[in-house]
Structures are given as structure tokens and as C-alpha cells.
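Student: Could you help me learn to read a protein structure? I would like to go feature by feature.

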Amino acid sequence: MMGAAMKKKAEAPKRTTVRILHISDTHSLLTEEVIRKLPAADILIHTGDFTESGKLKEVQEFNKLLSGPLKAKYPHRVVVAGNHDL
């Protein structure tokens, strides 16, 4: 009885893989077509310059992608604004 319990404790825990996709400097060129071609991942990190000049319309367009097709493909998204976005 004791041996069976010890065997269970000795088994290695099951590993979980987390896939991260990092992109940056898309400068308002990210489209639904481009998003379809991006690799699958659990987390998307966009580190700056998602707009060309930081105009409100560019930010709103990116936000639509972020809350639409990007959200559908990547359950977790992290965005860091760059110098072109402010």
C-alpha cells in the first residue's frame, strides 16, 4: 500500500506549454488578412508603434482589431505603447 502512494508522488507533473507571439512596429499595417497569417499563440505581446503617427483614428482602428480578430485568435493580449503611439 505504501509503495503505490510513493510511486504517485514520484511521478513528474504534467508540463504545460504556453506559446507567446511578440510583434512590434506594425505602424497601422496590421489588418485582418495579416492577423490570419500570424502563427497561433496563447499570448500576444505588441511592444510599441502600432500606429504611424499616434492619431486618434489609428488608435481606434487598432483597438477594433484588438477587441475583434486579435481577441478571437489570442485569448491574452498585452500592448505597450511606443513613441509613435503617443
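Tutor: Gladly! Let us begin with strands: two strands pair if DSSP finds at least two bridges between them. Keep in mind that this is a predicted model.

Student: How many bridges join S1 to S2?

Tutor: There are 4 bridges between S1 and S2, and the two strands run parallel. One residue to look at is Leu21, whose bridge partner in S2 is Leu44. To get from S1 to S2, the chain passes through helix H2, residues 32-37, and this β-α-β crossover is right-handed.

Student: Along S1, which side chains are buried?

Tutor: The side chains of S1 alternate. Leu21 and Ile23 point to one face and are buried, while Ile20 and His22 point to the other face and are not.

Student: What is the general idea behind buried side chains?

Tutor: In soluble globular proteins, nonpolar side chains tend to be buried together. Here, the largest nonpolar core has 13 residues, and those with the most contacts inside it are Leu21, Leu30, Leu44, Leu70 and Tyr74. Strand S1 and helix H3 each supply at least two residues of this core. The largest share, 3 residues, comes from H3.

Student: Which residues does Leu44 touch, leaving out those up to four places away in sequence?

Tutor: Leu44 touches Leu21, Ile23, Leu70, Tyr74, His76, Arg77 and Val78. Leu21 is thus a residue you have met before: the bridge partner of Leu44.

Student: What should I look at in a pair of aromatic rings?

Tutor: Such a pair is described by the distance of the centres and the angle of the planes. In this model the count comes to 1 aromatic pair. Phe50 and Phe62 form that pair, with 4.2 Å centre to centre and 15 degrees between the planes. The pair counts as stacked because planes under 30 degrees apart are put in that class.

Student: Where do Phe50 and Phe62 lie?

Tutor: Phe50 lies in the loop between strand S2 and helix H3, and Phe62 in helix H3, so the pair ties together parts that are 12 residues apart in sequence. Phe50 is buried, at a relative accessible area of 9%, and Phe62 is buried too, at 6% relative accessibility.

Student: Is Ser28 buried, partly exposed or exposed?

Tutor: Ser28, in the loop between S1 and H2, counts as partly exposed because its relative accessibility is 34%. Its contacts, not counting residues up to four places away in sequence, are Phe50, Thr51, Glu52 and Glu58. Ser28 and Glu58 are 30 residues apart in sequence, yet 6.6 Å apart in space, C-alpha to C-alpha.

Notes. Residues are numbered from 1 along each chain as its sequence is written. This is a predicted model: local features need pLDDT of at least 70, side-chain atom pairs count only at pLDDT 80 or more; totals for chains, interfaces and linings use all residues. Side-chain values use heavy atoms; hydrogens and water are left out. Rings of Phe, Tyr and Trp (its six-membered ring) pair if their centres lie within 6.5 Å; planes under 30 degrees apart count as stacked, over 60 as edge-to-face and the rest as tilted. Buried means under 20% relative accessible area, exposed over 50%, partly exposed in between (1.4 Å probe, protein chains only). A nonpolar core is a set of buried Ala, Val, Leu, Ile, Met, Phe, Trp, Tyr and Cys residues joined through side-chain atoms within 4.5 Å. Contact means heavy atoms within 4.5 Å. A crossover is right-handed if, with the strands pointing away from the viewer, the path from the first strand over the helix to the second runs clockwise.
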